[in-house]
Amino acid sequence: MTAKSLPATIEPRQIARLLIIVLPGLMASLFVSQAFLQVAKVNWVMGLIVVGLLVPTSFLKSPLTGRPLKWKGIGFPLLLLATALIIPVTAIILVFGKADFFAIFVNVALGVAGIPWAPYVPHVLTALVLWGAILVMFYRLRAVIQVVPAGWFLSAIVVLGVNPVLRDLTVNRYYALMGQPTSLMDRHVEPQVVANPDAPSLVFIFLEGFDRQYHDARYFGDVAAPVRRLEETSLAFTNVDQLAGTGWSIAGHAAAYCGLPLSPRFSAPSESSHILKDAACLPNVLHDLGYEQTYFSGTNKSQKNHFGFQNFFDDRQINTIFDSTNLTPISGEAPDDSVTSIQWGLFDSDLMPAISDGVDAAVAAGGRFAIYASTTDMHGPTAGLSPSCTEDGRGKIIRDMLVAAECVSGLIHDFVTRFERDHGDRNILLVIASDHLGHKSDALDIIPEGERRNLLFMRGPGIEPDTITRRASMLDVFPTILDVMGLLGPDSASAGLGQSLLRETPTLAEQYDNATFESLLTKDAALANFVWTEKN
């Protein structure tokens, strides 16, 4: 074989050797495809398998290595760039099950201060190994690739084309530049708020990543039976799906508080951006009605712009924020493990008593109030196991999400029991919800595609237990809460893009499937411009 041509024939033994040489790359391609298509779980074990194949085959001489590498044109450098871009996307898919275009751009732009990086290292290394093996396969097959006109360039285009984030980004930028005939902003409605002197106070608690399915006996038995018993005696909404732009913590807050998803605008947002500055959100509405408002969190929401929460709260008119910067854990424990570097903030068994004390203080102060809260323990891919749930009274970082769910379920049941014992006769609406579906975990992987739902139920004087099964999303939480509180006018069931689930107006989730809604949101520059505005 010359340096300029392929051999006319290859002996069977050479073909077998060539197949062995490219086997690590083929296996890596299979694993990447399985991860991207969500048809099988891919983890660090697959990375070890690829390494185990790659090392010995590296010493085999390929029958197709006669050609020198042509690296000076645009093709091969572009392939390296495409590979570099898809490695972090692959790592994200390995961690969370999908590469959420919206979450990636929003979180990267707003900052990820406080994120625990160590649990993600195995996923990053696995992504590096898989794509490294694929790149080595390309290199070992260079004699074939370089015979094809623009072979390296075409290889790069293939890698760029399978990158889901780049695909969505391309669509997003195209419609941002060219415009879109219709926008979801055409459906945006500010809530028609009516005066109601008998409107209740509000306690609204987000359970971080707590799927409703955690209490489904079909899958997990009685792991979260306390939450199931609470739901059975509440006004429960059992079909709250997760639409695009609502699937991570701050997006869940924006959806439930404002009835709007977080759609990205490339080159913005930034850490200096307002989030929904001009939106009339639940805290804004209640502030205008004279409610004293407090927010409790186990993580740092008031400083360092933790995932953009500081930007979001700057315009929400909440009076006081209690978080890991000013709450002292009564157990003396904090989820700060030297091995995994988990530094989220407070365990939930320390946060829940603080919320209870906050309710006590608000009741004692008189007047109407709203208390918001978000827990921490169930944030994947690892979870916090609160000190009150361990034998030695020491909090732990664990990977078994079911153990954490059992603990959180008991903590919520204890909170509600204390709340209704001390204040059950008062005019207070209690709302319990998940902020978004749980991140990828072994436990949730057993639930069939499309069955997972958010948790949402409400309790309070005059609220009869009932089950609402209509298809909804977190966008509908805002108007539904206003409606239950008697604050939503009779002529409109809408707030933001949401609809009250107590009325008959169709919800977005009833009108669009998840893929169609995601496509609409990806193209919607007008909505993105409403979500994000630069601070002066």
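**Entry 1: helix α14**

I started with the buried residues of α14, in what is a predicted model. My list reads Asp348, Ser349, Asp350, Leu351, Met352, Ala354, Ile355, Ser356, Gly358, Val359, Ala362 and Val363.

What covers them? I looked for the elements packed over these buried residues and found, among them, the strands β1 (201-207), β5 (292-297), β7 (369-374) and β10 (428-434). The helix α15 (401-423) is also part of the cover.

Next I checked the length of α14. The helix runs over residues 348-365, which makes 18 residues. At 1.5 Å a residue, I should get a span of 26 Å, and the end C-alpha atoms sit 25 Å apart, so the two agree.

Then I stepped just past the end of α14. Gly366 is there, with a positive phi of about 80°.

**Entry 2: a small space by α14**

I searched the whole structure for cavities of 30 Å³ or more and got 2. I picked the second largest cavity, which holds about 30 Å³ of space.

Which elements give two or more residues to its lining? They are α14 and α15. So I was back at my helix from the first entry, with α15 giving the largest share, 5 residues.

I wrote down the lining residues by name: Ser356, Val359, Asp360, Phe415, Arg418, Phe419, Asp422 and His423. Sorted by class, this lining has 3 nonpolar, 2 polar and 3 charged residues. Two names rang a bell: Ser356 and Val359 line the cavity, and both are on my list of buried residues of α14.

**Entry 3: a pocket**

Now for an open space. I looked up the second largest pocket, and its volume is about 370 Å³. How many residues line it? I noted 18, and the ones nearest its centre are Lys41, His123, Pro381, Arg399 and Asp442. The elements giving two or more residues to this lining are α3 (75-96) and α5 (121-140).

I sorted this lining by class too. The pocket has 9 nonpolar, 3 polar and 6 charged residues around it.

**Entry 4: two odd phi angles**

A reminder to myself: most residues other than glycine have a negative phi. With that in mind, I went after exceptions.

I found Ala150, with a positive phi near 55°, and it is not a glycine. Where does Ala150 lie? I traced it to the loop between α6 (142-145) and α7 (151-161).

Leu276 was another find, with a positive phi of about 55° although it isn't a glycine. Leu276 lies in the loop between β4 (273-275) and α12 (282-288).

Are these two buried or exposed? Buried means a relative accessible area under 20%. Leu276 has 0%, so it counts as buried. Ala150 has 49%, so I put it down as partly exposed; exposed would need over 50%.

**Entry 5: the whole chain**

Last, I zoomed out. I counted 19 helices and 16 strands in the chain. Of its 536 residues, 54% count as buried.

I also looked at contacts between residues at least 6 apart in sequence. Of these, 79% join residues at least 24 apart.

Finally, I looked up the accessible surface of the chain, which comes to about 22400 Å². Carbon and sulfur atoms own 58% of that surface.

Conventions. Residues are numbered from 1 along each chain as its sequence is written. This is a predicted model: local features need pLDDT of at least 70, side-chain atom pairs count only at pLDDT 80 or more; totals for chains, interfaces and linings use all residues. Side-chain values use heavy atoms; hydrogens and water are left out. Helices (H or I, at least four residues) and strands (E, at least two) are DSSP runs, numbered from the N terminus. The expected span of a helix is 1.5 Å times one less than its number of residues. Buried means under 20% relative accessible area, exposed over 50%, partly exposed in between (1.4 Å probe, protein chains only). Contact means heavy atoms within 4.5 Å. Accessible areas come from the Shrake-Rupley method with a 1.4 Å probe; for residues, only the protein chains shown count as cover. On a 1 Å grid over the protein atoms alone, a cavity is a set of points where a 1.4 Å probe fits but cannot get out, and a pocket is an open set with protein on both sides within 12 Å along at least five of seven lines; lining residues have an atom within 4 Å of a point. Grid points are joined across faces, edges and corners, and a volume is the space filled by probe spheres set on the points. Ala, Val, Leu, Ile, Met, Phe, Trp, Tyr, Cys and Pro count as nonpolar, Asp, Glu, Lys and Arg as charged, and the others, Gly among them, as polar.
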